[in-house]
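Notebook open, coffee poured. Today I'm looking up how two chains meet and how some strands are arranged.

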Amino acid sequence: MDRKAGWAKVESGIMESMASLTEDSATAGGDQGGVRRRDFINVAAASFAGVGAVSVALPLINQMNPSADVLAEASTEVDVSAIAPGQAIKTIFRKQPLFVRHLTPAEIAAAEKVPTSELRDPQSLEDRTKAGHKQWLVTMGVCTHLGCVPLGAAAGEVKGEFGGYFCPCHGSHYDTAGRIRKGPAPTNLMVPEYAFTSPTVIKVG
Amino acid sequence: MSFPWANEYKPSNAFTRYLDERLPLPRFVYNAVGAGYPVPRNLNYFWNFGVLAGVALMVQIVTGIVLAMHYAAEGTIAFASVEHIMRDVNAGWFIRYAHANGASMFFIVVYTHIFRGLFYGSYKPPREMVWHLGLVIFLLMMATAFMGYVLPWGQMSFWGAKVITGLFGAIPLVGEPIQTWLLGGFAPDNAALNRFFSLHYLLPFVILGVIILHIWALHIPGSSNPTGVEVKSEQDTVPFHPYYTAKDGVGVAAFFLLFASLVFFAPNMLGHPDNYIPANPMSTPAHIVPEWYFWPFYAILRAFTVDFFFIPAKLLGVLAMFASILLLFFLPWLDTSAVRSGHYRPLFRKFFWFGLVPCVIILAWCGGAPAEEPYVIISQIASAYYFAHFLIILPIIARVETPKPLPNSITEAVLANHAGTKLQPAE
């Protein structure tokens, strides 16, 4: 308490001497509400330096974002004509595995039979495929739990309890629509942005 | 900054007198870690570990700078350049094994140092700032060690980077842009490897800077001691040099004995064989594990398996893992007992040795094990205890415990241990 009072005394002393010093300028610049020309200069100088610092910081932060050559690989074309029903291929999209799977009618029926209300991440097969191309399931081959590559795309790999994909790291089971059915993964396998550019070619990204 | 009876630096020759008037660096060293720093006379060997941590950091900086002369941070040749160090560079195998095992030694020493602080109440006033700066060093060490493990670009490097940066992806809304920004791409690749190398080189020097602050903050109240009773008179202290330089020398010798036995006889014991397989983004190792010193935190991360109030389990795990360390920043206000040392706190001591210590060891054991039963349920119980220990048990103990009577001074405590000794001033 003593200290506070002491500071207040010092402060008022400084203000008094300041006021006497700036008396001349006050008459010239106008002294409304105790704002002095020096205050304006201080605020302006600090703001100017601040804007300068931020404008230099932006490129320094932005350089961490993906560079042009990384972004140039951000879209991939896949020819799906050679994939027979029941088969899948593993390819690369944005340096990560991409699964393209040709579903059999039985697999489509199995995926459609499940009521979406029972699912952890409710989505129907229609939501996860393109209209008129229900047999093509295109998903990232990245488990939504901790990013491992699930098994089930290549021939002979374990497909899990629901016939889709199985992640060996922590035991997540995905069904034939790539939806999470059992295990720790929180969401379905991600469906990237893609479009059919011809009946047998898709452009991902 | 120091006690009034501290020895004063006296330059001994013309050169040191000349220097003392212009750049009093010898005076600074003399007052910091020389005969000018009075230290409680009763420190036990647990008080060695601060100096040992400094030694470990120096080993890492020296071996690291040498390794950087031969290593190439480029995705296609990083793995090969590490093999080049192992096979072609003169004594390269020795320097790399020393660096890899040096990291383990650093963590062994720092964990002992932290648990010393936890047992003897070193975090209590007036040393809260010492504790906080120590935690900052610990966080920086974890970041440095993680990025260093990525550099050899083996399978564990790659998948470790993917899992750990994936943690940031769990943050709602901004998570994925942050992850992409951290990696400079959509998955770990050249950009990530390069920036990790840059930061891995930088951070040890940041750690060095924070260590200087840590020691500065420590030297204001002076070192704590096993009784937790503050220094009262000159009798309670001895000069740091030669008393503790000599005692620490014994500890440093023991440190290098253990270090050398790891480097020369079991250099890969603490590593993972999968990291000798080059990084492959298309194939995941069956069992991704971090280095041993991250196991307790990895166990907490994986202990959350069900969603809670719309918060996904994955995000909960990430929050809990960070909270398990950030929690320690609040420790000076959670443990409100006025008695520092665990020696005089019967209840606290029981929960420390039979609660906290086994809990962290069990978490470490679960973190290194595959994510399946019974490890999941065990790590859930242990994680729950870990948080309860700090948030519930410690505050309650502080209220209900009757501490044992404290000695009147450090000297009295020392003499009680050696009945028959006469009181005489330290020389």
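**Entry 1: charges across the contact.** I started with the salt bridges and found a count of one between chain A and chain B. Worth remembering that this is a predicted model. The pair in question is K95(A) with D189(B), whose side chains meet at 3.2 Å, N to O.

**Entry 2: polar contacts.** Next I pulled the polar contacts between chain A and chain B, and the count came to six residue pairs, both residues at pLDDT 80 or more. I then asked which elements of chain A supply at least two residues each to the side that touches chain B. My list reads α4 (68-72), β2 (88-93) and β3 (96-102). Of the elements, β2(A) gives the most to that side, with three residues. Sorting the side of chain A that touches chain B by class, I got 15 nonpolar, nine polar and three charged residues.

**Entry 3: area.** I wanted a size for the interface, because that is often given as the accessible area lost when the parts come together. For chain A and chain B I noted about 2,200 Å² buried between them, with 65% of it on carbon and sulfur atoms. Which residues of chain A lose the most area to chain B? They are M64(A), K95(A) and L146(A), and together they make up 28% of what that side buries. So K95(A) gets a second mention in my notes, with the salt bridge to D189(B) and a place in this trio. For the residue tally, I wrote down 27 from chain A and 22 from chain B.

**Entry 4: the β2/β3 hairpin.** Since β2(A) had come up at the contact, I checked its pairing: six bridges join β2(A) to β3(A), and the two run antiparallel. One of the bridges puts A88(A) opposite R101(A) in β3(A). The hairpin has two residues between the strands, and I flagged R94(A) there for a positive phi near 50°.

**Entry 5: the other sheet I looked up.** In chain A, three strands make an open sheet in the order β5-β6-β7, with antiparallel pairing. The edges are β5 (163-167) and β7 (180-182) of chain A, each pairing on one side only. From one strand to the next I have an average twist of 35°. Zooming in, I counted four bridges between β5(A) and β6 (172-175) of chain A, which run antiparallel. Here I jotted down one partner: G163(A) is bridged to D175(A) in β6(A).

Technical notes
Residues are numbered from 1 along each chain as its sequence is written. Chains are lettered from A and ligands numbered from 1 in the order in which they are written. This is a predicted model: local features need pLDDT of at least 70, side-chain atom pairs count only at pLDDT 80 or more; totals for chains, interfaces and linings use all residues. Side-chain values use heavy atoms; hydrogens and water are left out. Two strands pair if DSSP finds at least two bridges between them. Axes are lines fitted to C-alpha atoms, for helices over the stretch in contact, and angles run from 0 to 180 degrees between N-to-C directions. Contact means heavy atoms within 4.5 Å. Buried area is the accessible area (1.4 Å probe) that two parts lose on being put together, summed over both. A salt bridge is a side-chain nitrogen of Lys or Arg within 4 Å of a carboxyl oxygen of Asp or Glu. A polar contact is a pair of N or O atoms within 3.5 Å; within protein, one must be able to donate a hydrogen and the other to accept it, and residues adjacent in sequence count only if both atoms are side-chain atoms. Ala, Val, Leu, Ile, Met, Phe, Trp, Tyr, Cys and Pro count as nonpolar, Asp, Glu, Lys and Arg as charged, and the others, Gly among them, as polar.
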